[in-house]
Amino acid sequence: MCSKYNVYQIERCMPMKWKETIKSKPFDLPKKIKHETIIRLDEKADSSMVDCLVATLKDFARQGHLFKAFRIFSIIRGHALVSASPVFVVDSFSSLLLSCTNLKLLPQGKQLHAQVITWGLHKSHALVRKLVSYYTSFDFIDDARFIVADSNILDPLPWNIIISSYVSKGRYEEAIFTYKQMRRKGIIPDHFTYPSVLKACAEQSNLDFGREVHKSINASSSMNSDLFVQNALVSMYGKCGDLETARSIFDKILVKDEVSWNSIISAYSSRGIWGQAFELFEGMQKADMKLNIIIWNTVAGGCLRTGNFERALELICTMRISGNQLDPVAVIIGLGACSHICALKQGKEIHGLAIRSSSIDYNNVKNALITLYSRCGDLKHAYIVFRLVEGKTVITWNSIISGFAQWDRSEEASLLFRELFLTDIKPNHVTLAGILPLCARVANLQHGREFHGYIVKHEEFHGHLLLWNALIDMYSRSGRVLVARRLFDSLEERDTVTYTSIIGGYGIQGDGRVAVELFEEMIKSKIKPDHVAMVAILSACSHSGLVLQGKLLFEKMMSVYCVNPALEHFACMVDLYGRAGLLNKAKEILLNMPYDPTPEMWATLIGSCKVHGNTEIGEWAAEKLLEMKPKNSGYYVLIANMYAAAGCWSKLAKVRTFMRDLGVRKEPGCAWIDIGSGFSPFLVEDSSNEQADEIFVLLVGLSKHMKDIDCVACENPEALFALQKIPKELELQ
């Protein structure tokens, strides 16, 4: 073979007159070759020698020996036409351009292009293809389009390369323009053209032009059966939102492949139509199609979004068993599902998989781990993972702060929030919305007011209704209903959460009539109440003794507001009837509701029986509660107090024995008082405080004052307001 020889061995075999004509260096390309010169070449040149030289050049080019290839080209270019055909020059140019493309040699390729123009071969079909591939490999797509547009080539291949290159670079408008230019030149697209241009239409959501392309496809009978093209149509219509047409095309495909199924499932999932997506996924499994990691993640992610956390976790496990390695997306989905159902054991297993697969290197995975451990109450490991994150983002901070806030760890949450301020990361609305409810739960108004001031000072937070809802909820829970109402009235936009927060605030204060008025205002504003809003208004009616209003609202839940009564709604009705002394009604609710009563519901009924002196129903409820063997010592204390008030000493002793046998101990009551500089905890009969003697005197006075108000209220409600002011001698100095 000629390629086995080096350049100098080849030169020794060449005719002398050929050697005399070789005067230029390998990379010195002539400025101009006259047509007359080409004609005057010796027609008796050895054709076999030229064939050998071209073959050698191709081998050198293919092996990457560009210096040797260009030297051979220097020999060929002056003598190629001796064989009466320019095909040798074209072949040589093609090989060299291909090598420049593969080896990313930009200057040499441009020199060759100049020589192609000099030789008048710039419209050669073979060289146009090579030049288009060369320029698109350097992302000079516009230059490539100029070359192909200037040629008279009817082959769609170079046009396909250009359209595909534009699409891969996200230049969808240029891709569509090139397709139109191609059609104007009378070039017929093939099955490689349509998928690229359809993708450009999909990414631009250009459904109108996509339909024009579809008509062009229908005009070609061969394209109607081309699976590649039909899949592209399904994807285009799906991304543009025309799911009906996408499904129609999908159903007509006789032999579907994985891409067909993936395209239609992605179409439904992208629009949130998960029911159809899940059905199709099952159909894909039944068709024994190969499932890639993307479709697994899509469907598992859909289960996560729709609240089917067990199914999401099941899919992740099945994916793992089927031999697919979990990528970071799958790990995040699995951790998210575990965090929602507090499946800490499975979450730790996924954590281990993430370490082995290096998915742990992604911060999003670490953030998901922080959320998992936080929601499952394992704050120690959540904090360890948090400290391991090097490039912390606001999401990382939000995860750990909300984790501590969720478990009412106010001191740790506040310290982390202060630490966040010392970094270059600014808290966002999610950060504040996560910590504000904590201020309400622990009655930390001081911090709540500071956050309120921070929100007011920063305009970027003003448009987030979520924050204002959290502020209203904080002030409402902390007993500052008037402040909450001022915020409520200042809002131009309100939603269900806004109304629920303020209704709950008035309910806690026992001002149920205002709460009912606000609920009616919400209905008139065409804001639909949800199950939380119904709990808030029913609870408000319960605390204010509005039995008829509460009963009416409960009856309207299904028929008017389309809210299915849940366990907490029945609990509100038990409390409503119990507080009003309608104990048989409360008992009827417990017996007839479609749920098993909880210990809290039995305790509510027992408390009401104690207040209203109904020992019969109270004992019945106590037996039901004792059968459940709850661990909460407060329930046993409640039963014991009821028996003590009724003088049932033997039953009281039985309850205490029951507590001892179960190992239930009464934890001492604890309260926190905000004294301005921080919170001071107080335990029952705690005398460790330096001001204990003064505090106990004050507490005795307050207790007596409250009892006096209670007695007067029962005998003469109108006199209640006369005693509401605390005497000066009992005021805390």
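Is the crossing of H15 and H16 left-handed or right-handed? It's left-handed, and the close-ups below start with that pair. Keep in mind throughout that this is a predicted model.

**View 1. Helices H15 and H16 side by side.** H16 covers residues 258-270, and its axis comes within 10 Å of the H15 axis. The two axes cross at roughly 160 degrees. Angles over 145 degrees count as roughly antiparallel, so H15 is roughly antiparallel to H16. On the H15 side, the contact is made by Leu243, Ala246, Arg247 and Phe250. Facing them in H16 are Ser260, Trp261, Ile264, Ala267 and Tyr268. Sorted by class, the contact of H15 with H16 comes out as seven nonpolar, one polar and one charged residues.

**View 2. A salt bridge inside H15, between Asp251 and Arg247.** Stay on H15 and pick out Arg247, one of the residues that meet H16. Arg247 also forms a salt bridge with Asp251, with 3.3 Å between the closest N and O atoms. Why is about one helical turn the spacing here? Asp251 and Arg247 sit four residues apart in H15 (residues 243-252), so about one helical turn separates them. As for exposure, Asp251 is partly exposed at 47% relative accessibility, and Arg247 is partly exposed too, at 23%.

**View 3. Arg477 and Asp473 paired in H28.** Here the side chains of Arg477 and Asp473 meet in a salt bridge, 3.0 Å from N to O. Both belong to helix H28 (residues 465-477), and their spacing of four residues puts them about one helical turn apart. Which partner is buried? That's Asp473, with 18% relative accessibility, because the cut-off for buried is under 20%. Arg477, by contrast, is partly exposed, with a relative accessible area of 48%.

**View 4. Asp575 and Arg579 paired in H34.** This salt bridge has an N to O distance of 2.9 Å. Asp575 and Arg579 are four residues apart in helix H34 (residues 567-579), which means about one helical turn between them. Asp575 is buried, with a relative accessible area of 17%. Arg579 counts as partly exposed, at 43% relative accessibility.

**View 5. H34 again, now with its neighbour H33.** Zoom out a little from the Asp575 pair to bring in helix H33 (residues 547-559). The axes of H33 and H34 come within 10 Å and cross at roughly 160 degrees. Because of that angle, H33 and H34 count as roughly antiparallel to each other. H33 passes H34 in a left-handed crossing. Which residues meet across this pair? From H33 there are Val547, Gly550, Lys551, Phe554 and Met557, and from H34 there are His569, Phe570, Met573, Leu576 and Tyr577. The contact of H33 with H34 divides into seven nonpolar, two polar and one charged residues.

**View 6. A salt-bridge network of Asp142, Arg171 and Glu174.** The last view swaps pairs for a network: salt bridges link Asp142, Arg171 and Glu174. Side chains with opposite charges can pair when their charged atoms come close. How many salt bridges does a search of the whole structure find? It turns up 15, among them the Asp251 and Arg247 pair of View 2.

How values were computed. Residues are numbered from 1 along each chain as its sequence is written. This is a predicted model: local features need pLDDT of at least 70, side-chain atom pairs count only at pLDDT 80 or more; totals for chains, interfaces and linings use all residues. Side-chain values use heavy atoms; hydrogens and water are left out. A salt bridge is a side-chain nitrogen of Lys or Arg within 4 Å of a carboxyl oxygen of Asp or Glu. Helices (H or I, at least four residues) and strands (E, at least two) are DSSP runs, numbered from the N terminus. Buried means under 20% relative accessible area, exposed over 50%, partly exposed in between (1.4 Å probe, protein chains only). Axes are lines fitted to C-alpha atoms, for helices over the stretch in contact, and angles run from 0 to 180 degrees between N-to-C directions. Angles under 35 degrees count as roughly parallel, over 145 as roughly antiparallel, 65 to 115 as roughly perpendicular and the rest as oblique. A crossing is left-handed if the near helix is turned anticlockwise from the far one by less than a right angle, and right-handed if clockwise. Contact means heavy atoms within 4.5 Å. Ala, Val, Leu, Ile, Met, Phe, Trp, Tyr, Cys and Pro count as nonpolar, Asp, Glu, Lys and Arg as charged, and the others, Gly among them, as polar.
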